Amino acid sequence: MPQVLSKLPLSAPLATTCFEYVHPWKQSCSTAIAGCFLYCVFDSLRIYGTVYLCTLLMKGRIPNRSDLQKTLYGILQSTAFLSFTGFGYSFFLCTLRSILGHFNLLTVSFFPAFLASVFAILIERPSRRTLLCLYVSNVATETVWNMALSQGLVKNIPYGDVAIFGGSMAVLLAYYKGGQHKEVPDAMFKILRFVVGPHEEKDSGIRSECEPNIIYRQQVAAAGTSGSHYSGAHKNFIWNLLTQMLRMYKKIIHQVKCLGRHSSCPHPFSCIYYVLGGAGKMFSVGLGIQVILKLVLNIRKLLASPAAGKQIFVRKDILNLGLFLGLYSGVFRGSLCILRRIFGKDNASFAFPASFLAGLAFKKYPDTTVALYVMWKAAQITYNIGIVKGYLPKVPGFTEFLYCLSTGILFHAAILEPTNLRPSYWKFLHSISGGRIACMARGPLDVWGLNTSESLTKVLKATKTIPVVYF
């Protein structure tokens, strides 16, 4: 296992030039910087043009002049933000070497990326800065862990992502049940409301005052009235069979609804109906999402050979997302109902054990990205609640600083330890730079004992990217 800084100290100068390391495809710094900037503009327009136009179409109405103007302005502003990141990175790489007269471990990537991000993030709309910060912080957290893991500083924790997800969701659901989401509105709480239901929200106002037997009698009477049309024999056997099955299904549902509900439970029908209803709903949603994703991602294969659909849709993993969502919703609701029966009351703190137990369902669909996103979201909302309640000071520019720090870490890893970078982010950097990130010479950087050149070779092979400068 190579040791970091085994051959060259942190602050020691690296004897190499801009041409030998930064832009070996162009002798002139200004020409190389200009080429990188122009390609960043081109690719940024492609990315944000697609994103903003899709957002406009998803509104489901004919856009007016104001919508078109806002969309165009958003495309140009976001393009300027991303383009300046690429331009600034190249510019500060060469400028810092010109000022210092050499490179070192921090100036070969981290500082140039940090400085470029400082100026670039100020171009982007303030409303988008938090989203960008959450994303890059998510990827940077995973990258730092991978870097520490590769150097033997830490060890992998079995089901660590499950623990992170369960703990973070516990915090968010405690806020949701405690009513703090009204003090700090966030789109995350809308997702939680959809997954666990509106009844767990504090003072939701959705509570049934009817006794179960009254509900049952009313529904059975209504079912009997509506079924009077079919009292006579029908000539169609299949129709009669379907009708009888529907009546039986409705009767079973009515009975399940009225099995019993504790007085502290906020849901209108029985606890069993509440648990099964939530699990069934979220399983259907998860399965639907998986089927749609399979169709979209395999559209070419299906068009070329419709018979291939059988192999795609009969795989067991198509059920994983549905099982995760269904089990999470069902176990969370069931745990809360049991705790309410044990203690005779409802309490926001019940969300902690219920969420940790439900979080085990994450094993069915483990995803580090999702776990880290929920973790950072919980941290952000906790910080905002602390500010609102006066427990924590509001630090001006903290979001922007965290974004710049995370971006610096990601660019540092992309140059020195690309195997520790998330493959999707490497592909993004490769695309936005026109292949330049792969063409930057890694040979001079091998003096730090990180096997940088070998790491680049592995990443290029794994991601099927090539070291060619486009444009």
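Which ring does the charged end of Arg 333 sit over? The ring of Tyr 274, as the first close-up shows. This is a predicted model, where local features need pLDDT of at least 70, side-chain atom pairs count only at pLDDT 80 or more, and totals for chains, interfaces and linings use all residues. Residues are numbered from 1 along each chain as its sequence is written, and side-chain values use heavy atoms, with hydrogens and water left out.

**View 1. Charges over rings at Tyr 274 and Phe 269.** The charged end of Arg 333 lies 4.3 Å from the centre of the Tyr 274 ring. Lys 257 has its charged end over the ring of Phe 269, 4.6 Å from the centre. To count as sitting over a ring, NZ of Lys or CZ of Arg has to be within 6 Å of the ring centre and within 35 degrees of the ring normal.

**View 2. Glu 201 and its polar partners.** Look for Glu 201 in the loop between helix 7 (187-196) and helix 8 (212-226); helices here are DSSP runs of H or I, at least four residues, numbered from the N terminus. Glu 201 counts as buried because its relative accessibility is 14% (buried is under 20% relative accessible area, exposed over 50%, partly exposed in between, with a 1.4 Å probe and protein chains only). Its side chain makes polar contacts with the side chains of Arg 193 (2.3 Å) and His 181 (2.9 Å). A polar contact is a pair of N or O atoms within 3.5 Å; within protein, one must be able to donate a hydrogen and the other to accept it, and residues adjacent in sequence count only if both atoms are side-chain atoms. Leaving out residues up to four places away in sequence, Glu 201 touches Tyr 176, His 181, Lys 182 and Arg 193, with contact meaning heavy atoms within 4.5 Å.

**View 3. Phe 87 and Phe 91, a stacked pair in helix 3.** Rings of Phe, Tyr and Trp (its six-membered ring) pair if their centres lie within 6.5 Å; planes under 30 degrees apart are stacked, over 60 edge-to-face, and the rest tilted. That rule gives 24 aromatic pairs. Phe 87 and Phe 91 have ring centres 5.8 Å apart and planes at 20°, so they are stacked. Both sit in helix 3 (residues 65-100), 4 residues apart, or about one turn of the helix. Phe 87 is partly exposed at 25% relative accessibility, and Phe 91 is partly exposed at 33%. Ring pairs also link them into a cluster with Phe 37, Phe 84, Phe 92 and Phe 119.

Note on methods
Helix = DSSP H or I, 4+ residues; strand = E, 2+ residues; numbered from the N terminus.
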